[in-house]
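This briefing is intended to accompany the sequence and coordinates shown below. It treats side-chain pairing, nonpolar packing, strand pairing and the surface in turn.

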Amino acid sequence: MSGAPSDRPPGAGEFRRAMARWATGVSVVTARGPDGDAGLTVNAMLSVSLEPPSLLVSLHRDVDTLPVVERSRAFAVNLLSHRQQELSERFARAVPSEEKFRGLPVHRGVTGAPLLDGTLGTVECRLVSATPAFDHRLLVGEVVRIELGADEAPLLFFRSGYASREADERLRLPASRP
Ligand SMILES: Cc1cc2nc3c(=O)[nH]c(=O)nc-3n(C[C@H](O)[C@H](O)[C@H](O)COP(=O)(O)O)c2cc1C
């Protein structure tokens, strides 16, 4: 631990720096709406329970995909492989949904959500609850279908960037960091 303990609540910058030390996988959450497909890159995802299988994703209240998920009451979590950084970048852009899906090979799941090809797997969920949490909404989904893809290395997000291989420079920590 570094620095003397302080009563001052941490700010956003300090919190971001702490979270940058937490490695996550990267997924694309997709849903089908009446006006077409929607999707965004998400690393705030965790499994909730095994019985029943369920998971949680945390979406910012202003993202375009949120109303589509809430209206269709379903979503899919597409787990990205180390080969799919471009997809993560594509679905993180603030562009209209049609643009994100343009020319992209997808197939349909049982929920109607678009499932991206070439992922490590896809977990389709029925939306169980949507709980406000500050500027985010915590969406809990009960898993209705799983599709497993190639058993490859995942795309990782760590230290505010992508890390796709164990040998990646980003994962090679210096002996000591301030
Ligand atoms: C690696 C990475 C992880 C992200 N994780 C989340 C997340 O967990 N929740 C979220 O709301 N946005 C997250 N974002 C930001 C959204 O992908 C981004 O705001 C997107 O443009 C929203 O798309 P939409 O408005 O079309 O739904 C993440 C972005 C990146 C690059």
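Arg126 and Glu142 form a salt bridge through their side chains, with an N to O distance of 2.9 Å. Arg126 belongs to strand S9 and Glu142 to strand S10, so this pair ties together parts that are 16 residues apart in sequence. The model is a predicted one, and the points below are grouped by topic.

**Salt bridges**

- Arg126 is partly exposed, its relative accessible area being 42%; Glu142 is likewise partly exposed, at 27%.
- Glu124, Arg145 and Glu147 are joined into one network by salt bridges that share partners.
- Within that network, the side chains of Arg145 and Glu124 meet at 3.0 Å, N to O.
- Because Arg145 lies in strand S10 and Glu124 in strand S9, their pair ties together parts 21 residues apart in sequence.
- Glu124 is buried, with a relative accessible area of 1%, whereas Arg145 is partly exposed at 29%.
- A further salt bridge links the side chains of Arg8 and Glu14 at 3.7 Å, N to O.
- Arg8 is exposed, with a relative accessible area of 54%, while Glu14 is partly exposed at 36%.
- The count of salt bridges comes to eight.

**Nonpolar cores**

- The largest nonpolar core comprises 18 residues, and those with the most contacts inside it are Val29, Leu55, Val57, Leu59, Phe75 and Leu139.
- At least two residues of this core come from each of strands S2 (27–33), S3 (36–42), S5 (53–60), S6 (74–79), S9 (121–133) and S10 (136–148), and from helix H2 (65–72).
- Leaving aside residues up to four places away in sequence, Phe75 touches a set of residues including Val29, Leu55, Val57, Val69, Leu127 and Leu139.
- Glu124, the buried partner of Arg145 in the salt bridge described above, is also among the residues that Phe75 touches.
- Another core, of ten residues, lies apart from the largest one; Leu87, Phe91, Leu104 and Tyr162 are among its members.

**Strand pairing**

- An open sheet is formed by three strands in the order S1-S11-S12, with antiparallel pairing.
- Strand S1 (24–25) and strand S12 (161–163) are the edge strands, each pairing on one side only.
- Strand S11 (residues 156–158) is joined to S12 by three bridges.
- Phe157 has Tyr162 in S12 as its bridge partner, and Tyr162 is also one of the residues of the ten-residue core.

**Surface**

- A nonpolar surface patch is formed by Phe15, Met19 and Trp22, which together have about 380 Å² of accessible area.
- Of these patch residues, Phe15 is found in helix H1 (residues 12–19).

Methods: Residues are numbered from 1 along each chain as its sequence is written. This is a predicted model: local features need pLDDT of at least 70, side-chain atom pairs count only at pLDDT 80 or more; totals for chains, interfaces and linings use all residues. Side-chain values use heavy atoms; hydrogens and water are left out. A nonpolar core is a set of buried Ala, Val, Leu, Ile, Met, Phe, Trp, Tyr and Cys residues joined through side-chain atoms within 4.5 Å. Buried means under 20% relative accessible area, exposed over 50%, partly exposed in between (1.4 Å probe, protein chains only). Helices (H or I, at least four residues) and strands (E, at least two) are DSSP runs, numbered from the N terminus. Contact means heavy atoms within 4.5 Å. Two strands pair if DSSP finds at least two bridges between them. Patches are made of residues with over 30% relative accessible area and no salt bridge: like charges are joined within 9 Å, nonpolar side chains (Val, Leu, Ile, Met, Phe, Trp, Tyr) within 5 Å. Accessible areas come from the Shrake-Rupley method with a 1.4 Å probe; for residues, only the protein chains shown count as cover. A salt bridge is a side-chain nitrogen of Lys or Arg within 4 Å of a carboxyl oxygen of Asp or Glu.
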